[in-house]
Amino acid sequence: MVKLWDVDAFTFLKDHTPLFAGVDEKHLETLAGASALQACKKGATVLFQGITVDAVHVVAMGSLSVQIKVPNKGLTTVAELSAGEVFGETSIFEMGTAGATIKAAQDDTYVIVIPQDAFRNLLAEDPAFVERVKALIASRKAPPKAPQG
């Protein structure tokens, strides 16, 4: 099982990752046991837009930039991810490719990598988790809200 400082992957997923809140501990133990910890330096690409995604990633420490290709502008940052946030779930859930490039925004960024098979097994066994994943995907695809004021 991946150990992150004084917290193991099971505890981090359970206590610090909203997507996994309420997931049965047996399932979390399976995910944690299958996971790996990836260390990233600032600027390192964790995921390339357009590739097949083979894992769900959970930001354990640090931050990552979500970037998309914009015609005549190259890669443009559209969001930042911080500890407890996930990425890669949409591509696995919808059986598609990565919709964005994800890069470490700072040194000492750590990501918990959960293999696709382990994530798919949880989807197959936990209908409530499926609904949380669907809600997360829908929130990310929703158009941005206009500023109030």
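**Exercise 1. Are Phe119 and Phe129 buried or exposed?**

*Solution.* The model is predicted, with pLDDT of at least 70 needed for local features and 80 or more for side-chain atom pairs, while totals for chains, interfaces and linings use all residues. Residues are numbered from 1 along each chain as its sequence is written, and side-chain values use heavy atoms, leaving out hydrogens and water.

Step 1. A residue is buried under 20% relative accessible area, exposed over 50%, and partly exposed in between (1.4 Å probe, protein chains only).

Step 2. By this criterion, Phe119 is buried, and Phe129 is buried as well.

**Exercise 2. Determine how the aromatic rings of the structure pair, and where the partners lie.**

*Solution.* Step 1. A pair of aromatic rings is described by the distance of the centres and the angle of the planes. Rings of Phe, Tyr and Trp (its six-membered ring) pair if their centres lie within 6.5 Å; planes under 30 degrees apart count as stacked, over 60 as edge-to-face and the rest as tilted.

Step 2. The structure holds 2 aromatic pairs. In one of them, the ring centres of Phe20 and Phe129 are 5.5 Å apart and the planes stand at 15°, so this pair is stacked.

Step 3. Helices (H or I, at least four residues) and strands (E, at least two) are DSSP runs, numbered from the N terminus. Phe20 belongs to the loop between helix H1 (9–16) and helix H2 (25–34), whereas Phe129 belongs to helix H5 (residues 127–141); the pair links distant parts of the chain, 109 residues apart. Phe20 and Phe129 are both buried.

Step 4. The rings of Phe119 and Phe129 have centres 5.7 Å apart and planes at 80°, so that pair is edge-to-face. Because Phe119 lies in helix H4 (residues 116–125) and Phe129 in helix H5, this pair ties together parts 10 residues apart in sequence.

Step 5. Together, ring pairs link Phe20, Phe119 and Phe129 into a cluster.

**Exercise 3. Identify which residues of H4 are buried, and establish how they are arranged.**

*Solution.* Step 1. The buried residues in H4 include Ala118, Phe119, Leu122 and Leu123.

Step 2. Viewed down the axis of H4, its buried residues fall within an arc of 140°, so they line one face of the helix. The arc is that of the directions from the helix axis to the C-beta atoms.

Step 3. An α-helix has 3.6 residues a turn, so residues three or four places apart point the same way.

Step 4. Asp117 and Ala124, on the other side of H4, are exposed.

Step 5. The cover over the buried residues of H4 includes H2, strand E5 (55–61), helix H3 (89–93), strand E10 (109–115) and H5.

**Exercise 4. Describe the surroundings of Ile114 and of Ser63.**

*Solution.* Step 1. Contact means heavy atoms within 4.5 Å. Leaving aside neighbours within four places in sequence, Ile114 is in contact with residues including Leu13, Phe20, Leu31 and Phe119.

Step 2. Ser63 lies in strand E6 (residues 63–70). With 14% relative accessibility, Ser63 counts as buried.

Step 3. A polar contact is a pair of N or O atoms within 3.5 Å; within protein, one must be able to donate a hydrogen and the other to accept it, and residues adjacent in sequence count only if both atoms are side-chain atoms. The side chains of Ser63 and Gln106 make such a contact (3.1 Å).

Step 4. Not counting residues up to four places away in sequence, Ser63 also touches other residues, among them Glu80, Leu81 and Thr109.
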